[in-house]
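I have my notebook open and a fresh structure to look through. Come along while I write down what I look up.

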Protein chains: 2
Amino acid sequence: MQEQEQEHERDTVDDIVDQWSRTRPELNSQPIALIGRLRRLNVRVDTALREYFAEHGLDSSEFDVLATLRRSGEPYELNARALLKSAMVTSGAITNRVDRLSAKGLVERNPCPNDRRAVLVRLTPAGKDLIDAAMPGHVRNEERILAALDPEERVQLDALLKKLLVAHGDTERL
Amino acid sequence: MQEQEQEHERDTVDDIVDQWSRTRPELNSQPIALIGRLRRLNVRVDTALREYFAEHGLDSSEFDVLATLRRSGEPYELNARALLKSAMVTSGAITNRVDRLSAKGLVERNPCPNDRRAVLVRLTPAGKDLIDAAMPGHVRNEERILAALDPEERVQLDALLKKLLVAHGDTERL
DNA sequence: AGAACTTATCTCAACGTTCAGATAATCAAC
DNA sequence: GTTGATTATCTGAACGTTGAGATAAGTTCT
């Protein structure tokens with residue numbers, strides 16, 4: 001079997017690890033557990049974020065585009081390339097997202113004066129109002145998601161995740 | 001601006017946090033950073049796992065089903081309900097996955113003797129051989145993904161993720 | 001037994017993404 | 001300046017998931 005922390009509740013990954021140690025005990029179960037937890041937590045977090053975005057009539061991908069434009073500062077305008085790098089999706093996905101947001105009147109496409117290949121996507125006033133109204137609640141929602149950790153634990157977790165991200169090359173300048 | 005750890009490389013989320021503190025400085029940036037890192041890391045990990053699965057002719061969802069059946073122990077057989085809970089997807093997704101794996105000859109559907117509504121999905125010998133051959137490399141791949149953390153840091157990260165998972169109710173018995 | 005409810009799985013349309021490829025513009029080098 | 005390579009975006013088919021609903025079987029209550 002596997003050593004368990006007696007004083008804490010078991011999670012689903014504990015069971016998964018137990019199953020592996022019964023059936024393939026020679027496999028190193030620590031990375032299975034750690035990456036399993038990372039992925040399962042991500043699903044839970046996704047769900048919690050999506051529920052909040054839906055209150056504002058948005059899905060996660062739309063919220064992400066609006067937030068990226070908003071945090072870029074005035075004039076709240078970026079080209080598609082910047083949006084796809086920030087979102088870690090393909091160019092086709094950005095085309096579709098901008099199409100949808102544009103149909104909702106939250107962003108508009110403008111030709112880029114310097115580069116006629118490029119398109120500048122800009123928040124409309126309605127888009128800015130929406131994301132400005134939604135952000136404080138979004139952050140409160142994120143705080144709620146992390147509520148189980150005390151301040152020191154949050155700093156620890158953030159540092160560990162960052163260390164892995166740096167190792168994986170997630171260091172592009174925006 | 002934001003306090004930075006001077007001795008470590010910056011990651012993309014550091015830039016995102018800087019942008020927010022310039023344009024909406026009153027927002028609490030810690031949860032933005034932490035959840036942003038969790039989600040970005042998950043994308044990187046997904047990609048790294050998928051690349052390995054592809055070497056064995058599988059995608060992530062197929063690997064997940066085979067691994068779930070394998071770790072359940074002999075006779076490597078579960079009903080669809082158990083598979084969807086483990087994978088955190090809907091029943092329709094499991095139907096499709098089992099269809100695909102069945103077409104590849106890696107699993108087979110059998111009627112459940114006790115409950116005629118239920119279907120038992122079982123690894124075929126070919127399916128068992130494939131997942132048994134793939135697991136050691138998969139674990140080595142996961143170890144590589146985590147290579148930037150020393151043993152103590154891995155234990156810390158695992159404990160923090162587990163704490164959040166328990167708080168979010170990821171505690172179903174398998 | 002019969003009715004009402006729950007559970008297990010499958011079906012199918014809608015949707016968003018990826019992947020490959022098309023188009024068009026810019027840049028580099030000769 | 002023209003050729004060739006690169007960059008920016010869009011297009012469209014293929015794919016997997018979701019969500020709602022259908023079917024069928026098991027369960028509970030009277």
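I began where two domains of one chain meet: domain 1 and domain 2 of chain A bury about 830 Å² between them, and carbon and sulfur atoms give 67% of that area. I note that this is a predicted model.

Which residues of domain 1 of chain A lose the most area to domain 2 of chain A? I found Leu49(A), Tyr52(A) and Phe53(A), which together make up 67% of what that side buries.

I then sorted the residues on that side of domain 1 of chain A: 7 are nonpolar, none is polar and 1 is charged. The search for salt bridges across this domain interface gave 0, while 5 residue pairs are in polar contact there, both at pLDDT 80 or more.

For bearings, I looked up the bounds: domain 1 of chain A covers 11-55 and domain 2 covers 58-167. Their centres, taken over C-alpha atoms, are 27 Å apart.

Next I turned to the two chains. Chain A and chain B bury about 8,100 Å² between them, with 62% of it on carbon and sulfur atoms. Each chain brings 71 residues to the contact.

How many salt bridges cross the interface of chain A and chain B? I counted 14. One pair I wrote down is Asp158(A) with Arg37(B), whose closest N and O atoms are 3.0 Å apart. I also have 28 residue pairs in polar contact between the chains, both at pLDDT 80 or more.

On the side of chain A that touches chain B, α2(A) gives the largest share, 17 residues. My last tally for that side is 32 nonpolar, 13 polar and 26 charged residues.

Key: Residues are numbered from 1 along each chain as its sequence is written. Chains are lettered from A and ligands numbered from 1 in the order in which they are written. This is a predicted model: local features need pLDDT of at least 70, side-chain atom pairs count only at pLDDT 80 or more; totals for chains, interfaces and linings use all residues. Side-chain values use heavy atoms; hydrogens and water are left out. Domain bounds come from an automatic or database domain assignment. Buried area is the accessible area (1.4 Å probe) that two parts lose on being put together, summed over both. A salt bridge is a side-chain nitrogen of Lys or Arg within 4 Å of a carboxyl oxygen of Asp or Glu. A polar contact is a pair of N or O atoms within 3.5 Å; within protein, one must be able to donate a hydrogen and the other to accept it, and residues adjacent in sequence count only if both atoms are side-chain atoms. Ala, Val, Leu, Ile, Met, Phe, Trp, Tyr, Cys and Pro count as nonpolar, Asp, Glu, Lys and Arg as charged, and the others, Gly among them, as polar. Contact means heavy atoms within 4.5 Å. Helices (H or I, at least four residues) and strands (E, at least two) are DSSP runs, numbered from the N terminus.
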